[in-house]
Protein chains: 2
Amino acid sequence: MNRLPTTDSAPSAAPDRLLEAPLAAEIEFLTARARALGSAKANALLQPLDLRVRSYAVLSLACSGAAPSQRELAEFLLLDPGQIVALLDGLEQRGLVKRETDPQDRRSKVIRGTAKGRSLLAEAAVATAQAEEQSLADLTSAERDQLRELLRRVAFQGR
Amino acid sequence: MNRLPTTDSAPSAAPDRLLEAPLAAEIEFLTARARALGSAKANALLQPLDLRVRSYAVLSLACSGAAPSQRELAEFLLLDPGQIVALLDGLEQRGLVKRETDPQDRRSKVIRGTAKGRSLLAEAAVATAQAEEQSLADLTSAERDQLRELLRRVAFQGR
DNA sequence: CCTTACTATTGAAAATGTCAATAGTGTCTT
DNA sequence: AAGACACTATTGACATTTTCAATAGTAAGG
C-alpha cells in the first residue's frame, strides 16, 4: 500500500488536491454539495416508503397542522405551483393528504394530512432523522444547532 | 394595511406560519432552500456571461491549476461522468478549456483552462461573489466563516 | 358591471439526474 | 506474453426536476 512517490515531490493523493481550489471555499458550492449528499441519502432511506424528499416535505407540511394552501406550499418550498399540483396528485391518490376548498377564499385549497398520511409521516420522519444523523455525523450537537441557525437565516432572509 | 383579524384569534399573517412546522427545523430542508435561493441568484448574475453555476464550477476547477481529470471533476462536483462530458463539450467549443490526454495514463484526460477561459472566469468570479454577498447579507464575516467551515465538514465528510 | 388580480391547473420545453453499454487503456496474474 | 479484470471517457436512453406560458374559476375594487 506504499503510495510514496519515488522520484519527485508531487503528491499523487488524487482527489483532495481539488480541496485547495478556490471553488472549495465558496459557500454556494459547499451548500450545493452538502445538499446533494444529504438528499441522496434521504431519498435512499425514504425509498421503502415510496417517498422522496420532495413528497416528504409536502406531506410533512400537510400534517403539521398549519393547513397550508398550495400557493403557500409553493412559496415555502420554492417550487412552481404546477409542481405542487403534481406532488399533491400523487399524495392524494394514495390517500395521504386531502384538498379542501377554502371557504374563506374559494380559489384556494387547504391541504391537510389524513390519518394514513400522519401514520406514514411518522415512519418517514424516522428515515429522514437517520439520514440527517449520517450526514451530520462529524458535527457535535452544538455545531448542528449552529449550522441550523445560520442556514435558517440564509434560507429565510428577511424573516 | 390593517391585517388584524376581526373575529377570532388565528393570525392570518400568511407565509410565516409554516416556519413553526417541524420541517423548518430540518437541516436537510434548510440546506435545500438555501441552495435553491443561492443558485437562482448566481445563475441570474452569470447569465450575461453565458454561464450557469454548473459550467462555472467546471471552469473554475479547470483554471485552478489543479489540472483535474474528468473523473476527478465528476467526483468532486458529484456529477455523473456523462454530465462532465457534456459540460466540457460546451466549454471546449467556446475555447474556454482544453482536454489533454494524460501521458501518465492515456485513458484519462487532463482539463485546463485557456487564457480566454481564465479571462471569463475572472468576470464570473465577480458575479458569483456578488451573488454570495446578496445571499449572505444577513451574516457577519465571522458567521460566514463559521458557516463555511461547518458546511465544508458536511460536504466533505471524512476528508 | 367591469376591470384587474390571484389560485389552481395544464402543457410544453429546458435543465438536471440516473443508469447501462462500449471502445480504449492500464494492471495484475498466471 | 497472454488473458482476465478494472478503469476512463463517451454515448444514448430515460426519469426527474425546473422554468415558463396559457387558462378557468374566484375575489376585490371602482
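These are my notebook entries on a predicted model of two protein chains and two DNA strands.

**Entry 1: the fold of chain A**

I began with the secondary structure of chain A, which comes to six helices and two strands, and I noted that from the N terminus on the elements run α-α-α-α-β-β-α-α. I then looked up the overall dimensions: the radius of gyration of chain A is 21 Å, whereas a compact globule of 159 residues would have one near 15 Å. Taken along the principal axes, the box filled by the C-alpha atoms of chain A is roughly 75 × 35 × 30 Å. Of the 159 residues in chain A, 36% are buried, and among contacts with a separation of 6 or more, 51% are between residues 24 or more positions apart.

**Entry 2: how the two chains are related**

I laid chain B on chain A and recorded an RMSD of 0.1 Å, reached by a turn of 180 degrees with a shift of 0.0 Å along the axis. That is the relation of a two-fold axis. I also checked which surface each copy uses: 100% of the interface residues of chain B are interface residues in chain A as well, so the copies meet through the same surface.

**Entry 3: the contact between the chains**

I found 57 residues from chain B and 58 residues from chain A in the contact. On the side of chain B that touches chain A, at least two residues each are supplied by α1 (27–46), α2 (53–62), α3 (70–77), α5 (115–135) and α6 (141–155) of chain B. The largest share of that side, 14 residues, comes from α1(B). By class, I sorted the residues on the side of chain B that touches chain A into 32 nonpolar, nine polar and 16 charged.

**Entry 4: the surfaces near the DNA**

I turned next to DNA strand C, which is surrounded by 21 residues, the closest being A:Q70, A:R71, A:G82, B:D80 and B:R106. At least two residues each of the surface near strand C come from α3 (70–77) and α4 of chain A and from α4 of chain B, and α4(A) gives the most, with four residues. The surface near DNA strand C has five nonpolar, six polar and ten charged residues.

For DNA strand D I again listed 21 surrounding residues, and here the closest are A:D80, A:R106, B:Q70, B:R71 and B:G82. The elements that each supply at least two residues of the surface near strand D are α4 (81–93) of chain A together with α3 and α4 (81–93) of chain B. The largest share, four residues, comes from α4(B), and the surface near DNA strand D divides into five nonpolar, six polar and ten charged residues.

**Entry 5: the nonpolar core**

I looked for the members of the largest nonpolar core, which has 82 residues, that touch the most other members, and these are A:V58, A:L59, A:L61, B:V58, B:L59 and B:L61. Following B:L59, and leaving aside neighbours within four places in sequence, I listed contacts with B:L91, B:L96, B:V97, B:G113, B:G117, B:L121 and B:A124. Helix α2(B) is mostly covered, with nine of its ten residues buried; among the buried ones are B:V53, B:Y56, B:V58, B:L59 and B:L61. As background, I noted that in soluble globular proteins nonpolar side chains tend to be buried together.

**Entry 6: single residues in chain A**

I looked up A:A131, found in helix α5 (residues 115–135) of chain A. With 23 other C-beta atoms within 10 Å, A:A131 counts as buried, because the cut-off is 20 or more. Not counting residues up to four places away in sequence, A:A131 touches A:G38, A:K41, A:A42 and A:L45, and also B:E28 of the other chain. A:A131 and A:Q93 are 38 residues apart in sequence, and their C-alpha atoms are 27 Å apart in space.

Finally, I checked two residues other than glycine for positive phi values. A:D50, with phi near 60 degrees, has its place in the loop between α1 (27–46) and α2 (53–62) of chain A, and A:D50 is exposed, with 11 other C-beta atoms within 10 Å. A:L78, with phi near 55 degrees, lies in the loop between α3 and α4 of chain A, and A:L78 is partly exposed, with 14 other C-beta atoms within 10 Å.

Methods:
Residues numbered from 1 in each chain as written. Chains lettered and ligands numbered in written order. Predicted model: local features only at pLDDT ≥ 70, side-chain atom pairs only at ≥ 80, totals over all residues. Contact = placed C-beta atoms within 7 Å. Nonpolar A, V, L, I, M, F, W, Y, C, P; charged D, E, K, R; others polar. Near = placed C-beta within 6 Å. Least-squares fit on C-alpha atoms with pLDDT ≥ 70 in both. Rg over C-alpha atoms; globule rule 2.2 N^0.38 Å. Buried ≥ 20, exposed ≤ 12 C-beta atoms within 10 Å, placed from the backbone. Core = buried A, V, L, I, M, F, W, Y, C linked by C-beta atoms within 7 Å.
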